[in-house]
Amino acid sequence: MEGTGSRSSTSSSVVTDYSLLLWTLCSVLLPVLITVWCSFQRSRRQMLIRDIFRKSKHDWRYTDLFGQPSYCCVCAQHILQGAFCNCCGLRVSEGCLKKADQRFHCKEIMMSNSGAHSSMPHHWIRGNVPLCSCCMVCKQQCGTQPKLCDYRCVWCQYTVHDDCMMDYLKTQKCTFGEFRDLIIPPYYLSTINQMRKEKRTDYEKVAPYCRKHWMPVIVLANTRSGNNMGETLLGEFKILLNPVQVFDLSKITPAKALQLCTLLPCNAVRVLVCGGDGTVGWVLDAIDEMKIKGQERYIPQVAILPLGTGNDLSNTLGWGAGYAGEVPVEQILQNVMEADGINLDRWKVQVTNKGYYNLRKPKVFTMNNYFSIGPDALMALNFHAHREKTPSLFSSRIINKAVYFFYGTKDCLVQECKDLNKKVELELDGERIELPNLEGIIVLNIGYWGGGCRLWEGVGDEPYPLARHDDGLLEVVGVHGSFHCAQIQVKLANPVRLGQAHTVRLILKSSKMPMQVDGEPWAQGPCTVTITHKTHALMLYHSGEQTDDDTSSSSEEDRRRELTDEDT
C-alpha cells in the first residue's frame, strides 16, 4: 500500500510540474505571439496606407496627433490621428482613407479639359476650417461648433457657414482671394500647354484676371536647412498657392524648378527661397545658368525666408535673422508682393595653388556674402567636419550656434591662426597693403557678418561709409583673433579696416590655413586668391523687417534710392 501511495504521489507531482511548465510557456509565448501578430497587422496596415498614398492624387501625410480639433471628412467623427492632404487640407481617419481618396478631388493644378478658360468655380471642402475665419456671407466666425461643419474654398480660402451656403455660391466663379496676384491658375497652365503645341510664346496675352500687376511666385524650400521647418512650410504654401509652384529642393534641383519661369510672362516672376544663405547661393547659381542658356528675359527676382544658422544675406536684404514660425505664411506672401527689387553684386573667387609643376585647374567659387581666412574660417571648418560625422545632431539653430561658440572658445586658447600677417600678402586694386599683427582677414560684400554683426560700420564716432551690396566694391577688414571676433559681435570693439577695392588679391606664402566662401570652408595650402566682380543678381528687399542696427542704414538706403530715381 505504501508503494502504491508513493507512486501515485510521484505521478501527481510530475503532472503538477508539467502543468506548471505548460502554464509558464503559455505566459511567455502568448505575449510574444500577440506582439508578433500586432506587428504583422501594423506593417500590413502601413503597407496598405503607403499604397493608397502612392496611387492617390492627394498629397497625403500621416500624423499621430492633429494640432487642432479635427473631424473626419467622410464619417464626420472626431479624430486625433489620421491623414491630411498637404494641398487641399482634407482630414480623414485611417479607416476612411480609401473612401476619401475616391470621393474627394484634390486641387487641380492644370485643367484637363481643353478649350479657353478665364475663370473657374470654387472648390469647396467641408469642415476643419481655419480658426478665427469669417463667413463671406454673414461675416460671422466659422468653425465654432464641435462637429464637421462649414465650408472652405481650397483656392481663395473663403469660408461659408452651412446655413449660408446657397446654390449660387456652389457655382460662383472663384477670385483666388487676396493672393490672386501670386497664384498660377490651373486654366492658365492648360492654355499655355495649348499655345506650346501651336508654337506660340506670347504668354503675356493670357495673363489671368486681366491684371497688369500679376507676379506669380515660385517657392523653393530646403527641408534640410536649419531648424527643419521646410516640411511644414511646404504644406502651408501648397494650401495657399497652386501646388505646381511649390518645390522641395531635396527632391528636385533649382535648375529644373526654375524652368517654370519660361512658361510665365517675362520679368514678372518672383522666387521665394526658404533656406539658409547656402540655399540662396544654390538658387542664384541656377539663375546664372539660365543666363547662359539665353533665358535672360525669364530671370526672376529672389526673396528669402531665412531657415539657416547665420542668415547674413537675408538680414542684409531686410528678411530677418531667422524664421521660427512667428510670422504667418499669409504675411510672408504679402511681404513678397510688397518687396522692392534691388541688385546684389556676385563675385568670382579664384584659388590658384602655388608650384612650378602644378597642373590642376584653379578652384573657382561664386561669392555672395564674404570670403575669409583665419579664425572664423577655422570655426566653420571644425563645425562642418563635426556635422559631417553626426548630421542628426545639427537640426537646431541654437545647437549650431552653441557648437560655433565652443570652437571659438577653443581657438581663443590655442590660437592656431596667429602671425597671419607674416604668412600672407594683400593687394587692393593692385596696391600692396602693409598688414598689422593679425590672425584673420575678411572680405565683405554685404553689410552683415557672423550671424547679425555689422562688421564694416563698427561702433563709435568714426565716420565710415555704409557697406553696400550693389556698388561693385568689397570691404576688407582684419581681426586679431577669436576673442576679438566675439568683442566685435557684442559691440565692444571695431575691426581693423584695411580698405575698399574692386579687386582683391591675397597670396598665402607658406603653411596651410583655413578659408571659407559663404560658409563653405576648406583647408588651403600656399596659393593665390583673386576676387573679381562676376555679375549682378536680382533680389527683393523687404523694408519692413528692421533692427536697431538698421536705423541709420535705412535712411542712407532711402537717400540713395531717391538719388537713383532723380537720375532716372
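Visitor: In which helix is the place of Asp288?

Guide: This is a predicted model, and in it Asp288 belongs to helix α7, residues 277–292.

Visitor: Is Asp288 buried or exposed?

Guide: Residues under 20% relative accessible area are called buried. Asp288 has a relative accessibility of 11%, so it counts as buried.

Visitor: Which residues does Asp288 touch, leaving out those up to four places away in sequence?

Guide: Asp288 touches Arg346, Lys534 and Thr535.

Visitor: Now the sheets. How do strands of a sheet pair?

Guide: Backbone hydrogen bonds pair the strands of a sheet, and the pairing is either parallel or antiparallel. Here, one open sheet has three strands in the order β1-β4-β5, and their pairing is antiparallel. Its edge strands are β1 (60–63) and β5 (91–92), each of which pairs on one side only.

Visitor: How many bridges are there between β4 and β5?

Guide: Two bridges link strand β4, residues 82–85, with β5 in the antiparallel sense. As for the register, Ala83 stands opposite Val92 in β5.

Visitor: What is the strand order of the open sheet that contains β6?

Guide: The order is β6-β7-β8, again an open sheet of three strands with antiparallel pairing. β6 (124–126) and β8 (159–160) are at the edges with a single partner strand each, so each has one side without a neighbour in the sheet.

Visitor: How many bridges join β6 to β7, and which residue in β7 is the bridge partner of Arg126?

Guide: Three bridges join β6 to strand β7, residues 151–153, and the two run antiparallel. The partner of Arg126 in β7 is Tyr151.

Visitor: Turning to helix packing, what describes two packed helices?

Guide: The description consists of the angle between the axes and the distance between them. For helix α5 (residues 230–240) and helix α9 (residues 329–338), the angle is about 70 degrees and the axes are 10 Å apart.

Visitor: Why are α5 and α9 called roughly perpendicular?

Guide: Angles of 65 to 115 degrees count as roughly perpendicular. The packing angle of α5 and α9 is about 70 degrees, and the two helices are therefore roughly perpendicular to each other. Their crossing is right-handed.

Visitor: Which residues in α5 and α9 meet?

Guide: On the α5 side they are Leu233, Glu236, Phe237 and Leu240, and these meet Val329, Glu330, Ile332 and Leu333 in α9. By class, the contact of α5 with α9 has six nonpolar residues, two charged and no polar ones.

How values were computed
Residues numbered from 1 in each chain as written. Predicted model: local features only at pLDDT ≥ 70, side-chain atom pairs only at ≥ 80, totals over all residues. Heavy atoms only, no water. Pairing = 2+ DSSP bridges. Helix = DSSP H or I, 4+ residues; strand = E, 2+ residues; numbered from the N terminus. Axes fitted to C-alpha atoms, helices over the stretch in contact; angles between N-to-C directions. Parallel < 35°, antiparallel > 145°, perpendicular 65-115°, else oblique. Left-handed = near helix turned anticlockwise from the far one by under 90°. Contact = heavy atoms within 4.5 Å. Nonpolar A, V, L, I, M, F, W, Y, C, P; charged D, E, K, R; others polar. Buried < 20%, exposed > 50% of the residue type's maximum accessible area, 1.4 Å probe, protein only.
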